[in-house]
Amino acid sequence: MAGSTTKTVHDIFQSMEYGPTTSSTATAQAWLDHHSRSLGLFIDGKFVRPADRQTRSLADANGGSVCSTVCAAENDISQCASSAVGGFKAWSGLSCYQRAKVLLRWVSVLGQHGQCVSEVCELCQAPCSPASLVRLAQYYGGWAQLRDTLIADWTPLGVVAVVVSDDCSLYSLMHKVLPALAMGNSVVVVPGLSTAPPALLLAQLFMEAGLPTGALNVLTGSDVSLGAKVAQHPSISCVTYSGNKQDGGMLCKATAGMGVPVSLSPSVGATCPFIIFESADIDSAVDGAIETAFKKKKEVQWVLCVQESVLDAVVSRLRLRMAGMKCVALASDGDRAQVDAAVQEAQQQGATLVQPCTAPPSGAQYPPTVLCGAAPSSACVFTPPPGPLLPLMSFRSNTEAVALGNHSPHGQAASIWTEDLTLALETAKSLSVGSVWVNSHSVSDPCLPVSGHKDSGTCTDGGQEGLYQFLRPSSSSSSPPLPRSSSASLDYAKFGTAASPAIIPDGSDPASAPKSYQQFVGGKTCKSESGCSVAVRPPGGDGVLAYCPDGGRKDVRNAVEAAAKVQPGWMKKSPSARAQSLYSLAKGLEAKRRDMAASINAQTGLSLEEADKEVELSVARLSDWAACCDKVHGGAPPVPQSGSALSLPEALGVVGLVLPDDRPLLSMVTLLGVTVAMGNAVIMVPSQKYPLPALAFIQVLQSSDLPAGLVNIVTGSRDQLTGALANHSVIKAIWYWGSAEGCQYLQYTCAGPLKTLWLHCQKEGKDGGTDWTRPRPALLEEMWRNAVQWKSVWIPTA
């Protein structure tokens, strides 16, 4: 054709220019125009626009107005919660097949309106392909069909609030909504600003698919405080959050003491290592680093770690690939100020810049920048600002690479580049992150379970394992949910600081004086650091049965140091080796059966026959957990992408156990057995009312072959020791049986440093309903799932 400017394939490969795009947003614009570009709330199956409400405007990439959303008020929250309760009754009342049919019908509806969904996401700068949503719906539609078959004895929670921050993706939002619906819950969605329009559109499509009215509601607002207000409503059964850590911490503190569990998946702003070994395909690795580090909108920040032997080759290829790249738009001028400050600090610490162009003097733009030779302590490495920055550090050995990779307080993901599969798997197992991508990055699929390690979350998303955050055991022997109530007026700074009662000797004959026990720290019996003791009263309450150490913060610190030192080695032991140690512990307990029964009898007042029965059950329970050691494993679920993927259960680390009053020996060995069997180390705080069985158990521990420091027992004031556990940064999880005030304190305090909590409110010396003598399968499974975290490893092929 005359005048044709069509380029040949050779010309295209010489220039490597992007081809012209024909993107159109006409369908999305028509949907927005239908709503007068002012989107209301989605309550009871329809759009609602109450009068006299504030609105929030959303701009597109060019600064133009897309639409406005309504800011929900208290009346709207109440109306929404009432609708969700009715929706839960209707939705949970359907059969598994009927719920699955609705979710799969939504896939068809999404296919018909996929163009509109894609365009709305593009306008709102919330990129999410309809194909990824289809995969989510198909996967969880299958689980909706199989729930009662493969997850028996579990029941839905009720009304689930799904809260995300403004900077969270639509995919992360729907990865919470769809499994919650699949398990039979109704859902109240509180989206961020950019995800609000597509979330409202998807809710409308759910109604077309036949979802019962009220089963899915959407509330929009001005900030994350709306999520806290929704969570505080008494009709809400649980809250799950995705987004930045700061907003997640605010949500935890705002709901502390209200009896609503909050699970966090902070996915925005985490720092992730991108590790290039000398055995990598350097060109592919550099292309991957540039692709993921300099995206306009990214949920995580990357730190490039390069082996010294290929450092020069990597830097030269970075310069070549970055040549001609343009400035990246930032969200605001404030982000520009943070980027400028981080770059200036890195340069002062010796870093050199690799940039394709000079940064403009002002404005919300900045060129892609590599900070070569960044110091590990630099703010740009530890907490990078939002922007196109890629800190680069070098390492010499594989061990040093793992140390750099674990340097971040976050544990979300890592990308490893090497052609040596053995090296890749060893590094993947050593990194404390939830997802590891080998020779790839940013791959995900709902079939793989992923847990947030360190400060990257307290729950598991994906796979069958991720469904349990939306379920609870239905058997009567399991722990009931926390009672809903209003937050108590609690001085968090003074919690647990009340002085213990002083012990005054009465001058009686030392031969007839009550026995004084010692605690167990680092494999040795010892007195408390304070040197003080507290009196243990007999069942009647008169007199003194014995004295036990009054432990405090220093004792907890010593115990955590001992546990943290031994736990990595214990975790690396083979499951069969851990099983043999637990079998040995059970045998040692059986050898001390008479002494342990006498201790239970003296402490609790149970008859010797009942006490002996408790010891017998305790021996059997330890043997149960020993048998589970080499029976629990991950797998290789089928993934739609080429290659293979692994799901691996891992130990949490150091776990604090604040033990219940009921069945003091049986409950202790049940919780001790599961945590140790899964590779954790523990610090146990025995029942303040009945500590003697735990102290008598020390003799069994001393004769066992468990490593010194793996199990530690610290006695004293429950509140004081709970405060010490909550404020120690090394402890990953706390299982607590105690007062409502203690539950509230932990929910408030453990938002930073982030800890996984399993809370049980005791009343009048009882733990609220757990039947320790009848271990129903759902109860034991709940314990096991609280004792592990999951890691996914992606291994692609050509």
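**Strands, helices and rings: reading the terms**

Modeller: Let us start with one contact between strands: Gln 307 has Phe 395, in strand E18, as its bridge partner. The model is a predicted one, in which local features need pLDDT of at least 70 and side-chain atom pairs count only at pLDDT 80 or more, while totals for chains, interfaces and linings use all residues. Residues are numbered from 1 along each chain as its sequence is written, and side-chain values use heavy atoms, with hydrogens and water left out.

Biologist: What makes E13 and strand E18 count as paired strands?

Modeller: Strands are DSSP runs of at least two residues and helices (H or I) are runs of at least four, both numbered from the N terminus, and two strands pair if DSSP finds at least two bridges between them. E13 and E18 (residues 389-395) are joined by four bridges and run parallel, so the pair satisfies the rule of at least two. Another bridge in this region sets Cys 305 opposite Met 393 in E18.

Biologist: Which other strand pairs with E18, and over how many bridges?

Modeller: Strand E17 (residues 369-372) pairs with E18 in the parallel sense over four bridges, and Cys 372 has Leu 392 in E18 as its bridge partner. In general, the strands of a sheet pair through backbone hydrogen bonds, either parallel or antiparallel.

Biologist: Why is strand E13 described as largely enclosed?

Modeller: A residue is buried when its relative accessible area is under 20%, exposed when it is over 50%, and partly exposed in between, with a 1.4 Å probe and protein chains only. Eight of the eight residues of E13 (residues 300-307) are buried, so the strand is largely enclosed by the rest of the structure. Val 300, Trp 302, Leu 304 and Val 306 point one way, Gln 301, Val 303, Cys 305 and Gln 307 point the other way, and all are buried. E18 is mostly covered, with six of its seven residues buried.

Biologist: What makes the unit of E12, helix H11 and E13 right- or left-handed?

Modeller: A crossover is right-handed if, with the strands pointing away from the viewer, the path from the first strand over the helix to the second runs clockwise. E12, H11 (residues 282-293) and E13 make a β-α-β unit that is right-handed. Strand E12 (residues 270-276) pairs with E13 in the parallel sense over seven bridges, and Phe 274 stands opposite Leu 304 in E13.

Biologist: How do you know whether Leu 330 is buried or exposed?

Modeller: Its relative accessibility is 12%, so Leu 330 counts as buried. Leu 330 lies in the loop between strand E14 (328-329) and helix H13 (333-348). Contact means heavy atoms within 4.5 Å, and, not counting residues up to four places away in sequence, Leu 330 touches several residues, including Val 339, Gln 365 and Pro 386. Gln 365 is 35 residues apart from Leu 330 in sequence, yet the C-alpha atoms are 5.4 Å apart in space.

Biologist: How does the span of helix H21 compare with what is expected?

Modeller: The expected span of a helix is 1.5 Å times one less than its number of residues. H21 (residues 664-677) has 14 residues and reaches 20 Å from its first C-alpha to its last, close to the 20 Å expected. Since 14 of the 14 residues are buried, H21 is largely enclosed by the rest of the structure. Helix H20 (residues 608-628), with 21 residues, reaches 30 Å, close to the 30 Å expected, and its buried residues pack against helix H18 (575-591), helix H19 (593-604), H21 and H26.

Biologist: Why is the aromatic pair of Trp 737 and Trp 772 called by the name it has?

Modeller: Rings of Phe, Tyr and Trp (its six-membered ring) pair if their centres lie within 6.5 Å, and planes under 30 degrees apart count as stacked, over 60 as edge-to-face and the rest as tilted. By this rule the count comes to 15 aromatic pairs. Trp 737 and Trp 772 lie 5.8 Å apart, centre to centre, with 55° between the planes, and the pair is tilted. The pair links distant parts of the chain, 35 residues apart, with Trp 737 in strand E35 (residues 731-738) and Trp 772 in the loop between strand E36 (756-761) and helix H26 (777-786). Both Trp 737 and Trp 772 are buried.
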